[in-house]
Amino acid sequence: MEGAGYRVVFEKGGVYLHTSAKKHQDPDSLINGVIRVVEKDNDVLLHWAPVEEAGDSTQILFSKKDVCGGDSCTSEEEPTFDPGYEPDWAVISTVRPRPRHSEPTRGAEPSSPRGSWAFSVSLGELKSIRRSKPGLSWAYLVLVTQAGGSLPALHFHRGGTRALLRILSRYLLLASSPQDSRLYLVFPHDSSALSNSFHHLQLFDQDSSNVVSRFLQDPYSTTFSSFSRVTNFFRGALQPHPEGASHDLPPAPDDEPEPGFEVISCVELGPRPAVERAPPVTEEEWARHVGPEGRLQQVPELKARIFSGGLSPSLRREAWKFLLGYLSWEGSTEEHKAHVRKKTDEYFRMKLQWKSVSPEQERRNSLLHGYRSLIERDVSRTDRTNKFYEGPENPGLGLLNDILLTYCMYHFDLGYVQGMSDLLSPILYVTQNEVDAFWCFCGFMELVHGNFEESQETMKRQLGQLLLLLRVLDPPLCDFLDSQDSGSLCFCFRWLLIWFKREFPFPDVLRLWEVLWTGLPGPNLHLLVACAILDMERDTLMLSGFGSNEILKHINELTMKLSVEDVLMRAEALYRQLTACRELPHNVQEVLGLAPPTEPHSPSPPASPLPLSPTRAPPAPPPSADTVTQPDSSLEILPEEEEEESADS
């Protein structure tokens, strides 16, 4: 349709804005509107305007098309919203746009609250377009501008996302991001602008202007000859097309039905149960589980108590050795003594390996020298506000240094990576013994050493699992983060890397870790802890209209302001809520340990609590008859005060 100075090339009704931060939308929070692509004054605009209550789209910026044609038709009666169908997977945008009024709206009241949501943006101002995941209720698109802001998410209740993207591809190059297949990067057809985009992306080693010239003439061959580092970057968007065919998008997933509601499934979770924490396990209660010969009895019951209440501070020094696999739950007192003697000898033989290296040798061993320098730097700033580590000549700092260097001898492949000192510090604080701290630290690293691998595959997998859980637990929050370019949950990276070590006060970290080490109620409880924190902050994040920078800033400012008991109660409640769902997706069941994995994971060990065996470390060869046993010279540090214990109580 053409008018004075403009031409409507695409129009689609049934495109809604979801304006409520509630998990379940009500009809008043849904604004029905029409999306149009308009050629006007040598520019192409993307325009959305609400349909007023009368449902007459002629009262919007451009008149209604007289006939159906091309890509869409809006002549059918607009269906009313059915309150019985809750959009559980809806995206929420609580940040009102700044409308761009290219010309006055005809027939609409300027003071109309719904009319204030209308917006119009030039296609040249778009930076990226994000699509919803297939099968998550109504499909939506989130448009991000060059200025870094995002427009309100557009929900296509009657389909039309592919049709709109197909039209946009006539005016823009839409390229699937190599990091996120649902994200289309927007490039103009203009050669100079495209060259500048390539320059900033640093996709080519050669002169970008020459590449662009050949790129526009033969996009297919140029793409695959020059994009050796990002071979999939433009694969879908730049395929050559038959004569007369429109430039289309990469093929859409087969499981996205259109037209219609584009709904496959929604997970209906039941009410969240109430959870209460129990008091910590005391020394008297622990003693009741010690049977003949010092063997622990009713271990599952004891672990359940530790999970529900934690440990009293005076009991941690003994109990942590069991939780971290240094001592066997089934062993007797004499067996434990023999095991400790063997592990003590093994530790000092490994320690002697780096202790005996002369300065001249170390100058020719860049790896050891690098580890030593990095460890010294990290140890000097690890928990220095804690009385146990404060002061320039504190012996605890020397023990941290020695244990971490010895771990490099124990695990040559991994060595030392920044962040390990954060994991060792609480263990040494509790055990107050060099050898015990080392082997308990090794047990902890059995759980999390994948976090420190150079490939980062374990961290990527955990972030993906966290996103999966959040998608089921709170789709509006998940999609809000997605709309603000925070859907990757990278702001949770530090949480998972060092198990919330820097998010809670030191005594709370001790309580949190001993609960996680029980492996109850299933693997990956630390992911539910992350979900619990996000659940506690969802209203602040969504109702404050935070962008990506503000979200990151707010998450960082939560440090030392969280209550570990509140977080653990909420995490357990989330677990019970999920496990009570009969239609829980299989991949979610895998994360929660309710179902076996459908396919093997990468060889990296899981980064979740699992039972540890005290025999995981390679056994030390028996000493020869003429070898003098290395004395237990590990430093035994006795606390002068008991105020740390009272702080934990």
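Is S486 buried or exposed? In this predicted model, S486 has a relative accessible area of 7% and is therefore buried, the cut-off for that class being under 20%. The residue sits in the loop that joins α15 to α16 (493-497). When neighbours within four places in sequence are set aside, the contacts of S486 are with L481, F491, S548 and I551.

At the level of the whole chain, the model contains 22 helices and 10 strands. The protein has 649 residues, of which 53% count as buried. Among contacts with a separation of 6 or more, 70% are between residues 24 or more positions apart. The exposed surface of the protein amounts to about 29800 Å², and 52% of this area is supplied by carbon and sulfur atoms.

The largest pocket holds about 770 Å³ of space. Its lining is made up of 31 residues, and those closest to the pocket centre are Q179, D180, L467, G487 and S488. Two or more lining residues are given by each of β10 (183-188), α14 (457-473), α15 (475-483) and α19 (548-556). Helix α14 provides the largest share of the lining, with seven residues. By residue class, the lining of this pocket comprises 15 nonpolar, eight polar and eight charged residues.

Strand β10 includes L185. The relative accessible area of L185 is 17%, and because the limit for burial is under 20%, this residue counts as buried. In sequence, L185 and K127 are separated by 58 residues, while in space their C-alpha atoms are 6.4 Å apart.

Helix α12 covers residues 420-431, and its 12 residues should span 16 Å at 1.5 Å a residue. The end C-alpha atoms of α12 are 17 Å apart, in agreement with that expectation. Because 12 of its 12 residues are buried, α12 is largely enclosed by the rest of the structure. The buried set consists of M420, S421, D422, L423, L424, S425, P426, I427, L428, Y429, V430 and T431. Just after this helix, Q432 adopts a positive phi of about 55 degrees.

Helix α20 was examined in the same terms. For its 16 residues (residues 564-579), the span expected at 1.5 Å a residue is 22 Å, and the end C-alpha atoms are 22 Å apart, which agrees. The buried residues of α20 are V564, V567, L568, A571, E572, A573, L574, Y575, Q577 and L578. These buried residues pack against α6 (299-309), α14, α17 (506-517), α18 (525-543) and α21 (586-592). Helix α14 is thus one of the packing partners of α20, and α14 also gives seven residues to the lining of the largest pocket.

Backbone geometry was considered next. Most residues other than glycine have a negative phi, and most peptide bonds are trans. Q456, which is not a glycine, has a positive phi of about 60 degrees. This residue is located in the loop between α13 (434-448) and α14. With a relative accessible area of 22%, Q456 is partly exposed. Apart from neighbours within four places in sequence, Q456 is in contact with N451 and F493.

E293 is not a glycine either, and its phi is positive at about 65 degrees. The loop between α5 (283-287) and α6 contains E293. The relative accessibility of E293 is 57%, so the residue counts as exposed, the threshold being over 50%.

A cis peptide bond runs from L520 to P521, with omega near -5 degrees. P521 belongs to the loop between α17 and α18. Both α17 and α18 are among the elements against which the buried residues of α20 pack.

Notes. Residues numbered from 1 in each chain as written. Predicted model: local features only at pLDDT ≥ 70, side-chain atom pairs only at ≥ 80, totals over all residues. Heavy atoms only, no water. Helix = DSSP H or I, 4+ residues; strand = E, 2+ residues; numbered from the N terminus. Buried < 20%, exposed > 50% of the residue type's maximum accessible area, 1.4 Å probe, protein only. Contact = heavy atoms within 4.5 Å. Areas by Shrake-Rupley, 256 points an atom, 1.4 Å probe, with all protein chains shown as cover. Expected span 1.5 Å × (residues − 1). 1 Å grid on protein atoms, 1.4 Å probe; cavity = no way out; pocket = protein on both sides within 12 Å on 5 of 7 lines; lining within 4 Å. Points joined across faces, edges and corners; volume = space filled by probe spheres on them. Nonpolar A, V, L, I, M, F, W, Y, C, P; charged D, E, K, R; others polar.
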